[in-house]
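Me: I would like to go through this model with you, one question at a time, with the reasoning set out before each answer.

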Amino acid sequence: MHTRQWRVAGFRLAVVILVGALVGGVLSAQSKPPQVTSPRLYVFDCGVLVRGEPTNYNLTSAQVGGNTNFSDACFLIVHPRGTVLWDVGIIPDAQITPGGVEIPAGRGGNANKATKTLKSQLAAIGYAPKDITYLAVSHNHADHTANANDYAASTWLVQKKERDVMFSDQARQQANFANYRALENSKTTLLEGDHDVFGDGTVMLIFTPGHTPGHQSLLVKLQKTGPVLLTGDLYHYAAERTLKTLPNGDNKEQTAASRAKVEDLLKQTGAQLWIQHDIVSNAKLKKSPQYYE
């Protein structure tokens, strides 16, 4: 090869190396979790529960506005002192194929659907399971715990009454047990009521039993957005709140008391109430990588 050819080849190689370094640097920067000075809230799409007439909630499809399906959102709270992952989906990531998956769920055409994995949505904003400081779920049902095993290395924040149910002999016989069984050996903070996660009042677990014995909600105080209350399955449809109906499967006395507690909390804090399964309201929320702060 002539000297000029060597120079051209060397120049091309240098350009390739430089471009590779620049791209690598950008990707590396993108993969780092963001630094925050105040709480930030991300909303993830963790699927849809296709459901029919809402008779279990003592409602009609007309009363809920026609769309009886449930959204199934997951949430990440990023705080200067750590992260909280709240609820983890209906279908395990390992079962979600490109293009999405739909799994029959009982009779009447019910089904569970998901198109995105929780891990991929976290990775898109720079987080891996190892970056999750705390895992908290509203309660033990399958549409809130599908990916719990992936976050078993985090500290699990759970009401003692809920953990007792989750690891009872009866629960161990249920299909969903396999999705959260690794939490049995997780570092665990057992709760018996409300809990201030970071000690500064910005992220609070609120004990709201009734749907399950240890059901909990999550209050997040954001500087720009204001307080937001994520209520798990305390409500499923907005009509339950306006028409004051109670689900058939709940401990109705406890659920009524928890709802009264939440209404008082909303008045005290001025918080927005986010009904996690409300598919109409959920569609209006900003989804990750956008966020609330």
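The exchange below takes up the chain as a whole, then salt bridges, then empty space.

Me: How many helices and strands are there in the protein chain?
Reply: The model is a predicted one, and the answer should be read with that in mind. Buried residues account for 49% of the 293 residues in the protein chain, and among contacts with a separation of 6 or more, 68% join residues 24 or more positions apart. The secondary structure of the protein chain consists of eight helices and 13 strands.

Me: What share of the accessible surface of the protein chain belongs to carbon and sulfur atoms?
Reply: The accessible surface of the protein chain comes to about 14500 Å². The part of this surface that belongs to carbon and sulfur atoms is 53%.

Me: Which residue forms a salt bridge with Asp 164?
Reply: Side chains of opposite charge can pair when their charged atoms come close. In the salt bridge of Asp 164 the closest N and O atoms are 3.0 Å apart, and Asp 164 itself is partly exposed, with a relative accessible area of 43%. Its partner lies four residues away in helix α4 (residues 160-166), so about one helical turn separates the two. That partner, partly exposed at 34% relative accessible area, is Lys 160.

Me: How many residues apart in sequence are the parts that Lys 261 and Asp 194 tie together?
Reply: Lys 261 and Asp 194 form a salt bridge whose closest N and O atoms are 3.0 Å apart. Because Lys 261 belongs to helix α7 (residues 252-269) while Asp 194 sits in the loop between β8 (188-191) and β9 (195-196), the pair ties together parts of the chain that are 67 residues apart.

Me: Is Lys 224, which forms a salt bridge with Glu 293, buried or exposed?
Reply: The closest N and O atoms of Glu 293 and Lys 224 are 3.3 Å apart. Glu 293 lies in the segment after α8 (279-283) and Lys 224 in the loop between β11 (216-222) and β12 (226-230), so this salt bridge ties together parts that are 69 residues apart in sequence. Glu 293, at 26% relative accessibility, counts as partly exposed. For Lys 224 the relative accessibility is 68%, and since the cut-off for exposed is over 50%, Lys 224 counts as exposed.

Me: Which elements give two or more residues to the lining of the largest pocket?
Reply: About 740 Å³ of space lies in the largest pocket. Its lining is made up of 37 residues, those closest to the centre being Arg 51, Tyr 57, His 141, Ala 142 and Asp 143. The elements that contribute two or more residues to this lining are α3 (142-145), α4 and α5 (177-180).

Me: How many polar residues does the lining of the largest pocket have?
Reply: Sorted by class, the lining of the largest pocket includes 15 nonpolar and six charged residues. The number of polar residues in that lining is 16.

Me: How many charged residues does the lining of the largest cavity have?
Reply: The largest cavity holds about 30 Å³ of space, and its lining includes Cys 46, Gly 89, Asp 93, Lys 116 and Asn 147. By class, this lining has five nonpolar and three polar residues. The charged residues in the lining number two.

Technical notes
Residues numbered from 1 in each chain as written. Predicted model: local features only at pLDDT ≥ 70, side-chain atom pairs only at ≥ 80, totals over all residues. Heavy atoms only, no water. Salt bridge = Lys/Arg side-chain N within 4 Å of Asp/Glu carboxyl O. Buried < 20%, exposed > 50% of the residue type's maximum accessible area, 1.4 Å probe, protein only. Contact = heavy atoms within 4.5 Å. Areas by Shrake-Rupley, 256 points an atom, 1.4 Å probe, with all protein chains shown as cover. 1 Å grid on protein atoms, 1.4 Å probe; cavity = no way out; pocket = protein on both sides within 12 Å on 5 of 7 lines; lining within 4 Å. Points joined across faces, edges and corners; volume = space filled by probe spheres on them. Nonpolar A, V, L, I, M, F, W, Y, C, P; charged D, E, K, R; others polar.
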